[in-house]
Amino acid sequence: MKQRVHTLVTHAAELLTARTPSGTAARGDELERLELIVDGALAVDDGRLVAVGTTDELVRTFDAEVNVDASDRLVSPSFVEPHTHLVFGGTRHEEWEGKVLEANRPTIDAGIRSTIRATRDASDAELTARAVRHLDDMLRHGITTVEAKTGYGLSREQELRLLEITRTLPHPIDVHATYLGAHTVGPEHLDDRAGYVQEVIDTLPDVVGRAAFCDIAVDPVSFTAEEGRRMADVARRLGLALRFHADQTGDADGTALAVEFDAVSVDHLDHVSDAGLRALADSATVGVVFPGANFHLLDMTPSRLHPDRGARDLPRWAERLVASGAALALSTDFNPGTAPSTSMPMAMQLAARLYRWSFARVWHMATINAAAAMRLEHDRGSLAAGKSADFVVWDAASHGEIVHRFGSNLVRDVYRGGQLLVAGGSVLARS
Ligand SMILES: [Zn+2]
């Protein structure tokens, strides 16, 4: 007598499980050992994975109400996206063209001011509708869990408004809201940094129970390590889980501070010091990197006006991160300024090209490691019995094709909690 389950997926050309021996983020050499099952199968019941194995093994044990034939297709975990700035108004394409042409247009910091203005000016309904469109776009690219930050309100009232919009978004993607009042100094406090830090601290009690995380940016263009510590101390005392933006535009000792506060993740790391990286490698904190931001900020492209500038040695930087033994994850960094992309496959494609990372590395970092960057690796990020049935059926037979191809979306079907949300590349209608 076979065990009856709801859904049985069989004959996957490759079933990419992303399972790791530790059950959590792959590090160092482990990153190269990606588990692939040829002629793979999944049994799904009540929204969870019941069994993962070969088609031979699973058809002997199970029969199902719904049978999915994945012949000639890759099946992988769906993506966990651990860093987005999802809710915002306006667009910054004109400012960006100025950067491309090296014309005299606003800097990144001036750019964020325009997003703050446009976000404050937008109604709740407008911000919600736009965020839902972005979430649909993410879903079409195989993302089923998203971390989403506030950070374009930058006053107590506006930040709490954005937090409320974020945590109540009507969408089947699982959205985890993060309070990022400490993105940069709010416009009313440009001459009073201490006053703004105090405003963030005073807002934190109202964030408890509403946000999954508190994020603090420690960077030469945002907050110092000392300011970050003042805010992190209060957040920790209130029991908020912490994440950090750190050391993107220069070394500000943000990485070491994040590790000291047992942050869930520390993100960017472009200018992390050797001491900061050693601390990260010895911790459970996950470092999140953004090839899409490096690409969009033209880090690889020499300046026309100053040919000696630009063209950072990203492969060397990226190898230093991996060689340290730190747990690392990929993310889109979706935001209107430095990374306007909702595609995790694109982040993987760019990581291979800009960082010279292998297929196995980028797949681990976009799945189980990205789940660890939200402390969700017990439930998401790999295909293993007992986990949420969150997976993608691809219009390709091999995991390598997803990284090799670029500029087209090969996601075919997306399931979250065993439920089909994208079919044949289209988001299914919701009631
Ligand atoms: Zn960010």
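This is a guided tour of a predicted model, one selection at a time.

**Stop 1: the whole chain**

Show the whole protein as a cartoon. The protein has 15 helices and 17 strands. Turn the view along the principal axes: the C-alpha trace spans about 75 × 45 × 40 Å. A compact globule of 431 residues would have a radius of gyration near 22 Å, and the protein has 21 Å, which agrees.

Now switch on the surface. The protein exposes about 17000 Å², and carbon and sulfur atoms supply 50% of that area. Buried residues make up 58% of the 431 residues. Among contacts between residues at least 6 apart in sequence, 73% join residues at least 24 apart.

**Stop 2: the zinc ion**

Select the zinc ion. Which residues coordinate the zinc ion? They are His83, His85 and His245, each through NE2, at 2.0 to 2.1 Å. Follow the donor residues along the sequence and the spacing reads H-x1-H-x159-H.

Next, colour two of these histidines by accessibility. Is His83 buried or exposed? His83 is buried, because its relative accessible area is 0%. His85 has 3% relative accessibility, so His85 is buried as well.

**Stop 3: strand S7 and its partners**

Select residues 143-149, which form strand S7. Seven of the seven residues are buried, so strand S7 is largely enclosed by the rest of the structure.

Add residues 79-84, strand S6. Strands S6 and S7 run parallel and are joined by four bridges. To see one pairing, pick Glu81, which stands opposite Val146 in S7.

Then add residues 174-182, strand S8. Here five bridges join S7 to S8, and these strands also run parallel. Keep Val146 selected: Val175 in S8 stands opposite Val146.

**Stop 4: helix H4, leading into S7**

Step back to residues 124-140. This is helix H4, with 17 residues. From first C-alpha to last, H4 reaches 24 Å, close to the 24 Å expected at 1.5 Å a residue.

Which residues of H4 are buried? Select Leu127, Ala131, Val132, His134, Leu135, Asp136, Met138 and Leu139 to see them. Just after H4, click on Gly142, where phi is positive at about 90°.

**Stop 5: helix H5**

Select residues 156-167, helix H5. Its twelve residues should span 16 Å at 1.5 Å a residue, and the end C-alpha atoms are 17 Å apart, which agrees. Show the side chains of the buried residues of H5, among them Gln158, Glu159 and Arg161. Leu162, Leu163, Ile165 and Thr166 in H5 are buried too.

**Stop 6: strand S14 between two neighbours**

Select residues 391-394, strand S14. Both faces are covered. Phe391 and Val393 lie on one side, Val392 and Trp394 on the other, and all are buried. Side chains in a regular strand alternate between the two faces of the sheet.

Add residues 74-77, strand S5. Three bridges join S5 to S14, and the strands run antiparallel. Pick Pro77: its bridge partner in S14 is Phe391.

Add residues 411-416, strand S15. Strands S14 and S15 also run antiparallel, joined by four bridges. In S15, the bridge partner of Trp394 is Val411.

**Stop 7: Thr55 in helix H1**

Select Thr55, which sits in helix H1, residues 55-61. With 3% relative accessibility, Thr55 counts as buried.

Now select His11. Thr55 and His11 are 44 residues apart along the chain, but their C-alpha atoms are separated by 5.8 Å. What else does Thr55 contact, leaving aside neighbours within four places in sequence? Besides His11, Thr55 is in contact with Thr10, Asp39, Gly40 and Ala41.

**Stop 8: two positive phi angles in loops**

Most residues other than glycine have a negative phi. The last two selections have a positive one.

Select Asp72, in the loop between strands S4 (62-69) and S5. Asp72 is not a glycine, yet its phi is positive, at about 65°. Asp72 is exposed, with a relative accessible area of 63%.

Finish at Leu269, in the loop between strand S11 (265-268) and helix H9 (274-281). Leu269 has a positive phi near 65°. Is Leu269 buried or exposed? At 0% relative accessibility, Leu269 counts as buried.

Methods. Residues are numbered from 1 along each chain as its sequence is written. This is a predicted model: local features need pLDDT of at least 70, side-chain atom pairs count only at pLDDT 80 or more; totals for chains, interfaces and linings use all residues. Side-chain values use heavy atoms; hydrogens and water are left out. Donors are N, O and S atoms within 2.8 Å of the metal (3.2 Å for Na, K and Ca); water is not among the atoms, so sites may look incomplete. Buried means under 20% relative accessible area, exposed over 50%, partly exposed in between (1.4 Å probe, protein chains only). The expected span of a helix is 1.5 Å times one less than its number of residues. Two strands pair if DSSP finds at least two bridges between them. The radius of gyration is taken over C-alpha atoms; the globule rule is 2.2 Å times the number of residues to the power 0.38. Contact means heavy atoms within 4.5 Å. Accessible areas come from the Shrake-Rupley method with a 1.4 Å probe; for residues, only the protein chains shown count as cover.
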